[in-house]
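You asked for a reading of this structure that a newcomer could follow point by point. The notes below go from the overall form to single residues, and then to charged pairs and surface patches.

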Amino acid sequence: MPVTVVRFNLVEPGATPASLSARYRAALGMAAYADEHGITTVQTEEHHGVDNNWLPSPFVFAGAVFGATRRIAVTVSAVIGPLHDPLRLAEEIAVLDLLSGGRLVTVAGIGYRPEEYALFDVEWRRRGRLQDELLETLLKAWTGEEFEYRGRTVRVTPRPLTDPHPLLLVGGSSQAAARRAARLGLPFFPSAHLPELEAYYKERLVEYGTEGWTMMPTAETPLLHIAEDPDETWDRHGKHFLHEARTYASWQSGDIRSAVRSAATSVDELRAEGVYRILTPEECVEQGLDNLVLHPLAGGMPVEEGWRSLRLFAERVLPALGG
């Protein structure tokens, strides 16, 4: 059975408060429906100050999802570590771990948008050191014991449920991120399919004498939408996928590798690339993917169309996959 993921970033260009509230509440309904139908994971993420209303508070959203579900995991992929107070984040993750019964997975990255650092008055050039401090602090805080933090003795309560600590991965696409993960004995989450970086991480594990593992995206992990008529759906709704793809492209430069890499400037080009795929239920099954990532509300997709995609996935794809 493949891993099945429903992704939400709650983007809606030109949203009103009322329409965005409806979108948030629809996402919670979708998460509950996904939980009832055996979907593995809800994935969410963090970006700040984006004109299209990208979700800035993934842990708040995760808490709401946990309240609406019983089994499904929530992966925050990724939290922008240096933008958070380490002690406060340790508390928030511990509370979510307790509330959810251990269903929270946190991928800690450092981000790739200097604008987000400027918004919170955090120095971009210090992001590596701040990330080191954050990760080290989380691991110490979750022991429930006293430790030294910025020249003073502190203790964080409550302790999380998960032993030895909630699942925490280090995300990134650089050797620095791989070294950081290996040094701390934390699992590594490359932001793309990067076998050479996985090999580098394993070498560093040996160097540091630590243990860890890699959760790496497969070479092919497209973002999916399910429809009875893909041609019609591309014509009507392809603009929403293109909006997201163009947003990501505007953030990428040099060696930055974010979750989506697309050079498309039109819906036709985007469809040809295959990063986003609108498939019939039968075509989705035939893809033979190890990870099925459904993106029902991509780029401001109308809520009713998102529900159609999710229901087709749950009612006609999952049963064919043995779910």
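1. Since helices are named throughout, it helps to say at the start that helices here are DSSP runs of H or I with at least four residues, and that they are numbered from the N terminus. The model itself is predicted, and this should be kept in mind for each point that follows.

2. On overall form, the protein chain holds 11 helices and 11 strands, and its C-alpha trace spans about 60 × 40 × 40 Å along the principal axes. For 323 residues a compact globule would have a radius of gyration near 20 Å, and the chain agrees with this because its own value is 20 Å. Of these 323 residues, 52% are buried.

3. A pair that illustrates the helix numbering is R88 and E92, which form a salt bridge with their closest N and O atoms 4.0 Å apart. The two residues are separated by about one helical turn, because they stand 4 residues apart in helix α3, which covers residues 86-100. R88 is partly exposed at 46% relative accessibility, and E92 is also partly exposed, at 29%.

4. Which residue forms a salt bridge with E228? The partner is R316, and the closest N and O atoms of the pair are 2.6 Å apart. Because E228 lies in the loop between β9 and α8 while R316 belongs to helix α11 (residues 303-317), this contact ties together parts that are 88 residues apart in sequence. E228 counts as exposed, with 53% relative accessibility, whereas R316 is partly exposed at 32%.

5. R316 also meets E282 in a salt bridge, at 2.9 Å from N to O. Here the pair ties together parts 34 residues apart in sequence, because R316 is in helix α11 and E282 is in helix α10, residues 281-286. The relative accessibility of E282 is 43%, so E282 counts as partly exposed. Elsewhere, salt bridges with shared partners join D132, E136, R180 and R183 into one network, and a search of the whole structure finds 17 salt bridges.

6. The backbone deserves a careful look at two cis peptide bonds. One runs from S77 to A78, with omega near 15°, and A78 is found in strand β3, residues 73-80. Another joins D163 and P164 with omega of about 5°, and P164 sits in the loop between β6 and β7.

7. Positive phi values are also worth checking in residues other than glycine. N53 has phi near 75° and lies in the loop between β2 and α2, where N53 is partly exposed at 26% relative accessibility. D121 has a positive phi of about 55°, is placed in the loop between α4 and α5, and counts as exposed at 71%.

8. On the surface, D229, E232, D235, D268, E269 and E273 form a negative patch. The elements giving two or more residues to this patch are α8 and α9, and α9 gives the most, with 3 residues. D229 is found in the loop between β9 and α8 and is partly exposed at 35% relative accessibility.

9. Finally, L167, W213 and M215 make a nonpolar surface patch of about 250 Å². Within this group, L167 is found in strand β7, residues 167-172, and has a relative accessible area of 33%, so L167 is partly exposed.

Notes. Residues are numbered from 1 along each chain as its sequence is written. This is a predicted model: local features need pLDDT of at least 70, side-chain atom pairs count only at pLDDT 80 or more; totals for chains, interfaces and linings use all residues. Side-chain values use heavy atoms; hydrogens and water are left out. Patches are made of residues with over 30% relative accessible area and no salt bridge: like charges are joined within 9 Å, nonpolar side chains (Val, Leu, Ile, Met, Phe, Trp, Tyr) within 5 Å. Accessible areas come from the Shrake-Rupley method with a 1.4 Å probe; for residues, only the protein chains shown count as cover. A salt bridge is a side-chain nitrogen of Lys or Arg within 4 Å of a carboxyl oxygen of Asp or Glu. Buried means under 20% relative accessible area, exposed over 50%, partly exposed in between (1.4 Å probe, protein chains only). Lys and Arg count as positive and Asp and Glu as negative; His and the chain ends are not counted. The place of a charge is taken as NZ of Lys, CZ of Arg, CG of Asp or CD of Glu. The radius of gyration is taken over C-alpha atoms; the globule rule is 2.2 Å times the number of residues to the power 0.38.
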